[in-house]
Amino acid sequence: IKDCQLSDMGTIKFQSERQKSSATLLVKELPAVFTKQVQSCQHLEFQQAVFECETSRGTAQCKWFRKGVPIEPSDKYEIRASDRDHMLIVHDVRFEDEMEYQCRIVVGGED
């Protein structure tokens with residue numbers, strides 16, 4: 001079977017006049033990866049900064065981090081996801097917001 005997909009999973013059967021055989025086909029989904037990495041950005045104070053990335057799967061769940069600490073949605077931070085696109089919007093940027101922001105793909109409830 002070429003280019004297996006999750007929908008191909010199941011029992012494969014072969015039968016001739018006197019013989020029959022069957023086997024189970026298990027298909028494991030490849031892990032999601034970033035197809036577009038987060039880029040650094042520079043903005044004037046009091047503007048908004050937008051960080052974007054893209055994953056290989058629309059089902060991928062992502063989590064955003066600031067200095068290694070998870071970011072929760074708030075008046076300051078807006079988190080959006082649409083299919084494979086993930087976005088962090090930092091509202092009302094200040095000098096103290098200048099630091100490393102990171103997006104990680106969540107695998108099995110862990111990031």
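Q: Which residues have the most contacts inside the largest nonpolar core?
A: A nonpolar core is a set of buried nonpolar residues joined through their side chains. In this predicted model, the largest one has 14 residues, and those with the most contacts inside it are Phe 51, Trp 64, Ile 71, Tyr 77, Leu 88, Val 90 and Tyr 101.

Q: And which strands each supply at least two residues of this core?
A: Look at β4 (49–55), β5 (61–66), β8 (85–90) and β9 (101–106): each of them gives the core at least two residues.

Q: How many helices and strands does the protein chain have?
A: Count along from the N terminus. You'll find 0 helices and 9 strands, so to write the order down you just go β-β-β-β-β-β-β-β-β.

Q: What radius of gyration does the protein chain have, next to a compact globule of 111 residues?
A: The idea is to set the value from the C-alpha atoms beside a globule rule. A compact globule of 111 residues would come out near 13 Å, but here you get 22 Å. The box around the C-alpha atoms tells you more: along the principal axes it is roughly 80 × 20 × 20 Å.

Q: What percentage of the residues is buried?
A: Buried means under 20% relative accessible area. Buried residues make up 21% of the 111 in the protein chain. As for the surface, about 8700 Å² is exposed, with carbon and sulfur atoms supplying 48% of it.

Q: How far apart are the mean positions of the positive and negative charges?
A: Average the places of each kind, then compare. For the 15 positive and 19 negative charges of the protein chain, the mean positions are 9 Å apart.

Note on methods. Residues numbered from 1 in each chain as written. Predicted model: local features only at pLDDT ≥ 70, side-chain atom pairs only at ≥ 80, totals over all residues. Heavy atoms only, no water. Helix = DSSP H or I, 4+ residues; strand = E, 2+ residues; numbered from the N terminus. Rg over C-alpha atoms; globule rule 2.2 N^0.38 Å. Buried < 20%, exposed > 50% of the residue type's maximum accessible area, 1.4 Å probe, protein only. Areas by Shrake-Rupley, 256 points an atom, 1.4 Å probe, with all protein chains shown as cover. Lys, Arg positive; Asp, Glu negative; His and termini not counted. Charge placed at Lys NZ, Arg CZ, Asp CG, Glu CD. Core = buried A, V, L, I, M, F, W, Y, C linked by side-chain atoms within 4.5 Å.
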